Amino acid sequence: MAINMHTPKFLIRLVAHDSHPTRGLLAVEWAMMLYLLFTLALMACLWPRIQQPAPMLIGRLAMVIGVLLAWIIYQWKPCRITHLARILLQLGLLSWWYPDTYEINKLLPNYDPYFAAADQWLFGCQPALLFSQWMPQHWWSELMHLGYASYYPLMVAVSLYYFCYRYERFARATFVLLTSFFVYYVIFDVVPVTGPQYYYLAAGTDQIGAGVFPEIGQWFINHTESLPIPGWSDGFCYHLVAAAHAAGERPTAAFPSSHVGVTTILMLLAWKSGSRKLLWSVTPFYILMCMATVYIQAHYAIDVIGGWVSGVIFYFALDGFYRKNLESRK
């Protein structure tokens with residue numbers, strides 16, 4: 001691209017040479033590779049019971065090839081835009097890693113009865129069963145689904161803010177954000193909790209309403225159907241959430257709520273950015289997200305608490321790790 005005095009400043013920043021080019025893989029790419037090796041080890045342990053190992057192995061091979069191609073392009077042109085492309089690639093690949101957790105954890109004993117019972121003990125009811133009944137208004141339903149649908153846009157928005165206005169902290173911020181996902185995925189692989197939308201259907205809503213939480217054995221090995229999403233089914237935001245569920249939702253990843261955990265991390269990143277506009281822009285969606293996960297029956301209320309706690313822990317642990325072990329090497 002030819003640069004002249006008439007070239008917009010934001011385009012100049014995009015193609016500007018990276019002031020600290022990385023010769024090897026980015027820290028977040030190493031995090032992805034470590035998670036890939038972890039899942040390969042789990043697959044080796046569970047190999048006789050895995051139903052379709054070939055797509056899982058091919059997917060992992062494609063991951064490695066994609067990361068290496070992105071690295072080659074960056075070495076050819078180590079500028080900000082190729083750095084951004086590597087990060088956006090990892091963000092995009094999260095949608096592949098998420099349903100992959102189901103292929104592993106469905107082979108382990110299901111823990112949903114314990115988490116439903118914990119909600120009953122803490123709240124004296126099942127908030128996920130009753131929330132949408134308490135607030136059935138169309139406008140409330142749309143707010144809840146708007147909050148839930150904002151998940152990926154919020155991640156992209158905060159990442160782009162750091163890229164455009166806090167580039168010196170872009171690598172650290174995206175490392176914290178993306179690596180937290182892989183930590184959550186490790187938990188989801190070994191702690192099989194599907195969430196109310198799946199467990200309530202398998203157990204029967206009559207039993208759930210009566211405070212009875214039966215064991216369901218290996219139900220989720222062959223069943224991925226869920227209850228209909230609560231709310232106003234003609235709403236625009238409702239359809240956004242329904243389309244996302246149809247595309248990639250599986251009976252997996254309920255505890256802790258990564259939706260709440262990751263948006264908690266996004267809130268902390270917005271706070272640390274020093275931008276009040278960014279912080280106040282993220283806050284309403286964060287509040288909606290914390291409620292929406294229970295409203296649409298994706299999570300038990302205890303999952304939200306787990307999301308708050310884990311989000312704070314992951315943020316400070318990963319941010320501290322990066323500052324002490326990676327930032328000093330530049």
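**His259 and the helices around it**

Leaving aside neighbours within four places in sequence, His259 is in contact with Tyr148, Tyr151, Met289, Thr293 and His299. The model is predicted. His259 itself is found in helix H14, which covers residues 258–273. Its relative accessibility is 14%. Buried means under 20%, so His259 counts as buried. One of its contacts is polar: the side chain of His259 meets the side chain of Tyr148 at 3.4 Å.

Tyr148 leads to helix H7, residues 138–149. H7 has twelve residues, and at 1.5 Å a residue they should span 16 Å. The end C-alpha atoms are 16 Å apart, so the span agrees. Tyr148 is buried in H7, along with Trp140, Ser141, Glu142, Met144, His145 and Gly147. What covers these buried residues includes H14 and H15, as well as H6, H8 and H13.

Met289 and Thr293 lead to helix H15. Both are among the buried residues of H15, as are Leu278, Val282, Thr283 and Tyr286. The buried residues of H15 pack against H6, H7, H8, H14 and helix H16 (301–325).

Now follow H15 along its length. H15 has 20 residues. From first C-alpha to last it reaches 29 Å, close to the 28 Å expected at 1.5 Å a residue. H15 also bends, by about 25° at Thr283. A proline, Pro284, follows within four residues. After H15 comes Gln297, with a positive phi near 70°.

Technical notes:
Residues numbered from 1 in each chain as written. Predicted model: local features only at pLDDT ≥ 70, side-chain atom pairs only at ≥ 80, totals over all residues. Heavy atoms only, no water. Helix = DSSP H or I, 4+ residues; strand = E, 2+ residues; numbered from the N terminus. Buried < 20%, exposed > 50% of the residue type's maximum accessible area, 1.4 Å probe, protein only. Polar contact = N/O pair within 3.5 Å; in protein donor to acceptor, adjacent residues only side chain to side chain. Contact = heavy atoms within 4.5 Å. Expected span 1.5 Å × (residues − 1). Bend = angle between axes of the 7 residues up to and from the residue.
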